[in-house]
Amino acid sequence: MYQPFCLVLPVNHPFAGRKTVEIKDLQAQSLIVLDPLKRPSEMVCIQNEIQVQCTNTHIYFSDSVATAYAMIKGDMGIAVMPDFVCQTDNGLAIIPLLFEPSVSYGIAWHASDTKQETKKFIDITTNLYLNKDR
C-alpha cells in the first residue's frame with residue numbers, strides 16, 4: 001500500500017489553506033522530521049531532497065510522532081512525515097506534500113497461523129487504516 005508524505009502544521013500557518021505543498025515551498029521554514037534511526041527508509045530521500053532544494057531550511061529531529069506533534073504545537077516548526085502516521089488534531093492541518101516516492105507498508109503473516117488473535121489484529125489494523133478520518 002503506497003502513501004504520500006505530508007506536512008503537519010498549525011491551522012493558522014500560511015500553508016494550512018493549500019491543497020498541496022511542494023518541496024521548493026519549504027524554503028526558510030523550520031522543519032520537524034523523524035529521527036534518522038527511527039524513520040522509514042524512504043524518509044532519507046525526502047530529507048535529502050529538502051536539503052538540496054531548501055538550503056536555508058532548519059531541520060529538527062523528533063524521536064516519535066507524539067514528540068513531533070508537541071514540537072509543532074510549541075511553534076518549533078512544521079513536520080514532514082508519511083501520512084499514515086499522522087493523527088487527527090483540530091489544532092493542526094495535514095497537507096499533502098508533492099513528492100515521490102511514497103512510503104509503502106503492509107502486514108504479513110505465516111499462512112499456517114490460524115490463531116484468532118492474528119486474524120483479529122489484521123482485521124482491526126486494516127479497518128483502522130481504511131477508515132482513517134482525514
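Guide: A residue counts as exposed when its relative accessible area is over 50% and as buried when that area is under 20%; partly exposed residues lie in between. The model discussed here is a predicted one.

Visitor: In what order do the elements of the protein run from the N terminus on?
Guide: The secondary structure comes to three helices and eight strands. Read from the N terminus on, these elements follow the order β-β-β-β-α-β-α-β-β-β-α.

Visitor: Among contacts between residues at least 6 apart in sequence, what percentage joins residues at least 24 apart?
Guide: The protein has 134 residues, of which 39% count as buried. For contacts between residues at least 6 apart in sequence, the share that joins residues at least 24 apart is 76%.

Visitor: Which elements each supply at least two residues of the largest nonpolar core?
Guide: The largest nonpolar core has 21 residues, and L7, L9, L26, I46, I50, V80 and L97 have the most contacts inside it. Both strands and a helix are among the elements that each supply at least two of its residues. They are strand 2 (5-10), strand 4 (30-34), helix 1 (42-53), strand 6 (78-82) and strand 7 (92-98).

Visitor: Which residues does L9 touch, not counting residues up to four places away in sequence?
Guide: L9 is one of the residues with the most contacts inside the largest core. With residues up to four places away in sequence left out, L9 touches F15, A16, I72, I78, G91, L92, A93 and I95.

Visitor: How many residues form the second, separate core?
Guide: This core stands apart from the largest one and includes C6, A68, C86 and L92. Its number of residues is 13.

Visitor: How many degrees does the arc of the buried residues of helix 2 cover around the axis?
Guide: In helix 2 (residues 65-73), the buried residues are V65, A68, Y69, M71 and I72. An α-helix has 3.6 residues a turn, so residues three or four places apart point the same way. The buried residues lie on the same side of helix 2 because they cover an arc of only 160 degrees.

Visitor: Which residues are exposed on the other side of helix 2?
Guide: The buried residues of helix 2 have cover that includes strand 2, strand 4, strand 5 (58-62), strand 6 and strand 7. On the other side of helix 2, the exposed residues are A66 and K73.

Visitor: Which residue just after helix 2 takes a positive phi?
Guide: The position in question comes just after helix 2, and its phi is about 65 degrees. The residue is D75.

Visitor: How many residues apart in sequence are the parts that K73 and D89 tie together?
Guide: The side chains of K73 and D89 meet in a salt bridge, at 2.5 Å from N to O. K73 lies in helix 2, whereas D89 lies in the loop between strand 6 and strand 7. The pair therefore ties together parts whose separation in sequence is 16 residues.

Visitor: Is K73 buried or exposed?
Guide: D89, with a relative accessible area of 21%, is partly exposed. The relative accessible area of K73 is 55%. Because the cut-off for the top class is over 50%, K73 counts as exposed.

Visitor: With which residue does R18 meet in a salt bridge?
Guide: A search of the whole structure finds three salt bridges. R18 is partly exposed at 35% relative accessible area, and its partner is partly exposed at 24%. The N to O distance is 2.9 Å, and the partner of R18 is D25.

Visitor: In which helix do K119 and D123 both lie?
Guide: K119 forms a salt bridge with D123, the closest N and O atoms being 2.9 Å apart. K119 is partly exposed at 45% relative accessibility, as is D123 at 34%. The two residues are four residues apart, about one turn of the helix, and both lie in helix 3.

Visitor: Is T118 buried or exposed?
Guide: T118 is found in helix 3. Leaving aside neighbours within four places in sequence, T118 is in contact with W109 and D113. Its relative accessible area is 18%, and the cut-off is under 20%, so T118 is buried.

Visitor: Which residues make the nonpolar surface patch?
Guide: The protein exposes about 8,100 Å², with carbon and sulfur atoms supplying 55% of it. F121, found in helix 3 (residues 116-130), is exposed at 53% relative accessible area. The patch is about 340 Å² and is made by I107, W109 and F121.

Terms used: Residues numbered from 1 in each chain as written. Predicted model: local features only at pLDDT ≥ 70, side-chain atom pairs only at ≥ 80, totals over all residues. Heavy atoms only, no water. Core = buried A, V, L, I, M, F, W, Y, C linked by side-chain atoms within 4.5 Å. Buried < 20%, exposed > 50% of the residue type's maximum accessible area, 1.4 Å probe, protein only. Contact = heavy atoms within 4.5 Å. Patch = residues over 30% accessible without salt bridge, like charges linked within 9 Å, V, L, I, M, F, W, Y side chains within 5 Å. Areas by Shrake-Rupley, 256 points an atom, 1.4 Å probe, with all protein chains shown as cover. Salt bridge = Lys/Arg side-chain N within 4 Å of Asp/Glu carboxyl O. Arc of directions from axis to C-beta.
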